[in-house]
Amino acid sequence: MRRDDRLPWTAHAEYRRLRAAPGMPPRTHAGVRRTSGIAVPADDGVPLLTDHWAAEDAGPHTVLIRTPYDRNGVAAVARFLAERGHHVVVQSCRGTFGSGGDFRPLHDEAADGQATLRWLRAQPWATGLVHSWGGSYFGVTQWAYCDGALRPDAMGIAVSARRFDEAILYLGRGFSIDTPLAWAYALGVQERRLPARLWRLLRARGALARGARTVPPSEAVPAALGDDPQFFRDWVEHSDPGDPWWDPLHFASDPAAVPPVTLMAGWQDLFLVGQLQDHAALRGAGVRTRLIVGDWIHGAPEITVIGVREALRALEGESETAPVRVEISGGGGWRDLAAWPPPSALHPWELTADGRLVAPGTAPEDGVLTSRYDPADPTPDAGGRTLNPFSAGRRDQRRRESREDVLLFTGEPLPDPLLVMGSAEITLTLASTNPQVDVFLRLCEVDARGRSRTVTDGYLRLSPEAAPGEARRVRVALAPIAHRFAAGSRLRVQVSWGAHPLHLRNPGTADPVRDHSRLVASTQTLLLGGATPAVLSLPLPEDPAPPVHPGVPR
């Protein structure tokens, strides 16, 4: 162990950002020191390296952070919280940054979390509340507390979810290869020496693209990185919906046992759908829950700033200003809500064979559109809710929309702004020459200059039970949004049969995810109008009142 009062140079920018953020309480404690490398024993004796940040006259409360990444990565947060009178404990997960054992994502977090809480509760300075904190995998370690005998008194969980598999890996019954590939790459380089790490990071974009194209998909990480982590092979192997292999890795199985929690989600974040499902489950179980949703991608700096402010508010006993606060994308500011989703009514738009979006009942005669899907040249994703930093978020859609395997349906310019809040859905009828088919639907906003950008999307791998050429009715839920379409802009719906590598291309066969040795093309037929209308349903809120304010949430 060693004691140090210096802030790592890599943390200075984030520390300045926290200090300059509006609404932060002033520093109350000086002389903060970090005691580094405390060996907290796991149940099997493995040492879990831990840092303790505190001022000499710190108060009784503790913020607990468990991470598989460099502990210096949260040094700014730790010092900032300690300067406001709190103890901060930062621990490296098993097998990372000096902690003993091997890092097996998800497998050891419940047991190691309980060992850490027992150690923490026994410390003479930890006499007050324990508030766990953090996002992404930091959030996974918090959900893992909730099935044990010891729990934090409160939690602050950002961009994470209780069920890793259902939340980000197998959404829509396919395999979202882009995110686990990007994560495996990041884990594989994070502890290398600085020159090697920089070399890998400079080549990351090309490496991830190469890995995503690799056949079979089980070789994606070796093709990108050279390493072959077991967890990625496990995830590829256990990709069938309901695979019991995942059962021990589903955390917080009883929502009612979860302590009070603040959830922070992002409209452009990969955990969005799963996290909002968690919010609904917690509210249904009567757990005191606060929800904040901003228009962020994964890892956006605003998440840390607002998360720290919320943790301080909870530790200092401040009352919540609203149970739900959401940012309305499209420049709509922030709004307080009594619940998510707010009361709304579905407003339908019909897709027509001549490529328009119109009011129901005004579409022309029945029509048919066909397009060919070729997994050897898969339809690209052009952005989305992914961990891959080179493609995450709202992206220009012009190149994607120029492809013949993407069908477009565009409305007239909106006479007034249109506010949408909740989960949109699209219902359509299609037939395919191959029963192995995916449906990927995207809602875009086209501005006055003709630029099309993503608002939300939805994906579904259809059941292969239909016969070739058999028409079937399909309903696809799009990811929730709170978005303001500008006056003069136009709605656009993309209909396509994939979005690779956001969702791993459908090979057109029943071969398992680990093996795409055969790639079979297909032709899809979309039936429109008459008895088989294709309909976009948008949730329009009952209360169109203006947002709370245009800045970040208070």
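Reader: Which residue classes line the largest cavity, and how many residues are in each?
Author: Let's start with the classes: Ala, Val, Leu, Ile, Met, Phe, Trp, Tyr, Cys and Pro count as nonpolar, Asp, Glu, Lys and Arg as charged, and the others, Gly among them, as polar. This is a predicted model, and the lining of its largest cavity includes Ile168, Leu171 and Val273 on the nonpolar side, with Asp178, Arg385 and Asp457 as charged members. The lining comes to five nonpolar, four polar and three charged residues.

Reader: How much space lies in the largest cavity?
Author: Happy to help! The structure holds three cavities of 30 Å³ or more. The second largest has about 80 Å³ of space, and the largest has about 120 Å³.

Reader: Which strand gives the largest share of the lining of the second largest cavity?
Author: Have a look at Thr454, Val455, Thr456 and Asp457, which are among the lining residues. A strand covering residues 452–461 supplies four residues of this lining, the largest share. That strand is S19.

Reader: From which domains does the second largest cavity draw at least three lining residues each?
Author: Good one to check on the structure: the lining includes Trp267, Gln268 and Leu272, as well as Gly384, Gly393 and Ala479. The two contributors are domain 1 (9–170 + 245–337) and domain 3 (344–540).

Reader: Which helix gives the most to the largest nonpolar core?
Author: This core has 64 residues, of which Trp143, Phe175, Val326 and Trp340 touch the most other members. The top contribution, seven residues, comes from residues 178–189, helix H6.

Methods: Residues are numbered from 1 along each chain as its sequence is written. This is a predicted model: local features need pLDDT of at least 70, side-chain atom pairs count only at pLDDT 80 or more; totals for chains, interfaces and linings use all residues. Side-chain values use heavy atoms; hydrogens and water are left out. On a 1 Å grid over the protein atoms alone, a cavity is a set of points where a 1.4 Å probe fits but cannot get out, and a pocket is an open set with protein on both sides within 12 Å along at least five of seven lines; lining residues have an atom within 4 Å of a point. Grid points are joined across faces, edges and corners, and a volume is the space filled by probe spheres set on the points. Helices (H or I, at least four residues) and strands (E, at least two) are DSSP runs, numbered from the N terminus. Domain bounds come from an automatic or database domain assignment. A nonpolar core is a set of buried Ala, Val, Leu, Ile, Met, Phe, Trp, Tyr and Cys residues joined through side-chain atoms within 4.5 Å. Buried means under 20% relative accessible area, exposed over 50%, partly exposed in between (1.4 Å probe, protein chains only).
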